[in-house]
There are 2 protein chains.
Amino acid sequence: MTPLHFADRLSDAVRRCGNAICLGIDPRWESLPRQFRAIAGEPTLAQVADAFAAFSIRVLELARGKVPVVKPQAAFFEGCGPDGMRALQTVLRTATEMGYQTILDAKRGDIASTATAYADAAFAGTPIGGKPLPVWNADSLTVNPYLGRDAIEPFIQTARASQRGLFILVRTSNPGAGMFQDLDVDGVPLYRHVGEAVAKWADESLGSCGYGDLGAVVGATHPTELAELRRLLPRVWFLVPGYGSQGGAAADVAPAFDSQGLGAVINSSRGLTFPYKPDDPAWESAITQAIDRMIADLANR
Amino acid sequence: MTPLHFADRLSDAVRRCGNAICLGIDPRWESLPRQFRAIAGEPTLAQVADAFAAFSIRVLELARGKVPVVKPQAAFFEGCGPDGMRALQTVLRTATEMGYQTILDAKRGDIASTATAYADAAFAGTPIGGKPLPVWNADSLTVNPYLGRDAIEPFIQTARASQRGLFILVRTSNPGAGMFQDLDVDGVPLYRHVGEAVAKWADESLGSCGYGDLGAVVGATHPTELAELRRLLPRVWFLVPGYGSQGGAAADVAPAFDSQGLGAVINSSRGLTFPYKPDDPAWESAITQAIDRMIADLANR
């Protein structure tokens, strides 16, 4: 029976695959293997969107059964307009059919009924005449906390009603993240205050794995802070970006895990999907090898 | 000749209309006038999206020449999936053709090349093979600052290269906004630190009107803070939500303006687009009257 809690489905997927990799899908036209760019003349956005979908699905096939979690980045699909959003829908549906847990990385955030509209779209669907019509139908969504309590609660309530999860931005992986996240508030940085709020919300919906359905985004590029947050937020799943091309190594992400190897999923996007030159005919084996290398690397952390 | 700075185009539009109203387009199925919901059986998302576009365009026609700025809320269009995003595109294009300045209210925020992807989509277009292919083609975009410096700079650079504008969230209008925005950092609330960063960025791209192309979102529901921010950020355009249905009155938004009546646009969404019961056949005149009332109300501030 499929567990009712997102946290438990995530735990099961990580246990089943024996690793905690999150495969980030950030398609870029210039980086696509040549076969997907074989279009006569200048491509239209609809053609680019089709290429993004076809490439992403091939990547999903290559990682199937090996990797537990997939995270499409909404920005690159939005870059192809409505056709790109249709490609995003196809990628999410295919990933779910293949048994992946999905994270829609859209970093949404707004207030009240607007937040509910985003959450409905992300999860069970937009209710029209009382019946929800599915849009993205993702297992979880990344959310920006800046707008505060009544901007996050509609996401929490909608996620809970449809047994989905959230990852709230706490400490991001970018070099300039500290500009506001590190500002000192009562002797501790802002991100710790956000983290503590996330911990409280996570406790409201704990799965039998011991984690809540509400997680946190915590970058691999700040290992000390990752360790500190792991200690302070023991029941919060971490989505950890920044491994690989952003500079984080296996040792850097090790503090994100509990003693059972649960509690964190480690994202790699370009490192897994584009570990080759666009004209390399052996791009598929390059992807497979990159996945195997990351599995081995994380196992030796 | 059309001014090269977004700030100047905004000033011109406000002067030309003689008011600083921003018409928020937040379509909701249940609130649409009956004629747009006349569909046999349960509507599909494609039909809802078509109804959103048709209704929004009718609203744009009713406000044409009277109101300078239009702000579609991406969440409600995203709620209809890819077809909804096509409707959003239609609404933005139509608004531009009718001479409105447009604000895409999507509260985007991400890092590095992902932020650039959102900004390209919002403004000049996604560069494929060097040529930008337009997606939303809005005059300006709302942006969330939580991710910090290298999350905002790609938006600033992309906006500047295409002569567009940004509105960065500083102090939002929702009751729970203070949860993080009011946290005390060195004796002043977090939102003031964000505001000061916005002021610095705005100064890098000043139009001849004296304002920068980079604005701030500051809620009407906190009049004291609005006055304080106006004083501290004298060259930053304010996008002011919270007037009308969220409780802000003309007196509350008065401090947002400079002595020439520039420097702020005051948003109203439901108050202007849904000032009637869905079955009211006189919905068009209700909209016209609501606009006229708001113009008069702001003039008497």
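**Notebook: charged pairs, rings and the contact between chains A and B**

I began with chain B, where the side chains of B:Asp182 and B:Arg171 meet in a salt bridge with N and O 3.1 Å apart (a salt bridge being a side-chain nitrogen of Lys or Arg within 4 Å of a carboxyl oxygen of Asp or Glu). I then placed the two residues: B:Asp182 is in the loop between α7 (178–181) and β8 (184–185) of chain B, and B:Arg171 is in strand β7 (residues 165–171) of chain B, so the salt bridge ties together parts that are 11 residues apart in sequence. For these elements I used DSSP runs numbered from the N terminus, helices being H or I of at least four residues and strands E of at least two.

Before going on I noted that this is a predicted model, in which local features need pLDDT of at least 70 and side-chain atom pairs count only at pLDDT 80 or more, while totals for chains, interfaces and linings use all residues. Residues are numbered from 1 along each chain as its sequence is written, chains are lettered from A and ligands numbered from 1 in the order in which they are written, and side-chain values use heavy atoms, with hydrogens and water left out.

**Entry: accessibility and the chain A pairs**

I looked up how far the two partners in chain B are covered (buried means under 20% relative accessible area, exposed over 50%, partly exposed in between, with a 1.4 Å probe and protein chains only). B:Arg171 is buried at 3% relative accessibility, whereas B:Asp182 is partly exposed at 33%.

In chain A, I found a salt bridge between A:Asp182 and A:Arg171, at 3.2 Å from N to O. Here A:Asp182 lies in the loop between α7 (178–181) and β8 (184–185) of chain A and A:Arg171 in strand β7 (residues 165–171) of chain A, so parts 11 residues apart in sequence are tied together. A:Arg171 is buried, with 3% relative accessibility, and A:Asp182 is partly exposed, with 33%.

I also recorded a salt bridge within a helix, in which the closest N and O atoms of A:Arg58 and A:Glu61 are 2.6 Å apart. These two residues are three apart in helix α2 (residues 45–63) of chain A, and are therefore separated by about one helical turn. I have A:Arg58 as partly exposed at 26% relative accessibility and A:Glu61 as partly exposed at 38%. Over all chains the structure holds 36 salt bridges.

**Entry: aromatic rings**

I searched the whole structure for aromatic pairs and obtained 18 over all chains (rings of Phe, Tyr and Trp, the last by its six-membered ring, pair if their centres lie within 6.5 Å; planes under 30 degrees apart count as stacked, over 60 as edge-to-face and the rest as tilted). One of them is the stacked pair of A:Phe55 and A:Phe274, at 5.3 Å centre to centre with 5 degrees between the planes. This pair links distant parts of the chain, 219 residues apart, with A:Phe55 in helix α2 and A:Phe274 in the loop between α11 (270–273) and α12 (283–299) of chain A. Both rings belong to buried residues, A:Phe55 having a relative accessible area of 2% and A:Phe274 one of 12%.

I next noted A:Tyr276 and A:Trp283, a tilted pair at 6.1 Å centre to centre with 55 degrees between the planes; A:Tyr276 and A:Trp283 are buried. Ring pairs link A:Phe36, A:Phe55, A:Phe274, A:Tyr276 and A:Trp283 into a cluster.

I looked for charges over rings too (NZ of Lys or CZ of Arg within 6 Å of the ring centre and within 35 degrees of the ring normal). The charged end of A:Arg301 sits over the ring of A:Phe257, 3.7 Å from its centre, and that of B:Arg301 sits over the ring of B:Phe257 at 3.6 Å.

**Entry: the two chains together**

I superposed chain B on chain A by least squares on the C-alpha atoms of residues with pLDDT of at least 70 in both, and the result is a rotation of 180 degrees with 0.0 Å of shift along its axis, at RMSD 0.0 Å. That is the relation of a two-fold axis.

The contact (heavy atoms within 4.5 Å) takes 72 residues from chain B and 72 residues from chain A. Between the chains I counted six salt bridges, among them that of A:Lys107 with B:Asp110, at 2.8 Å from N to O.
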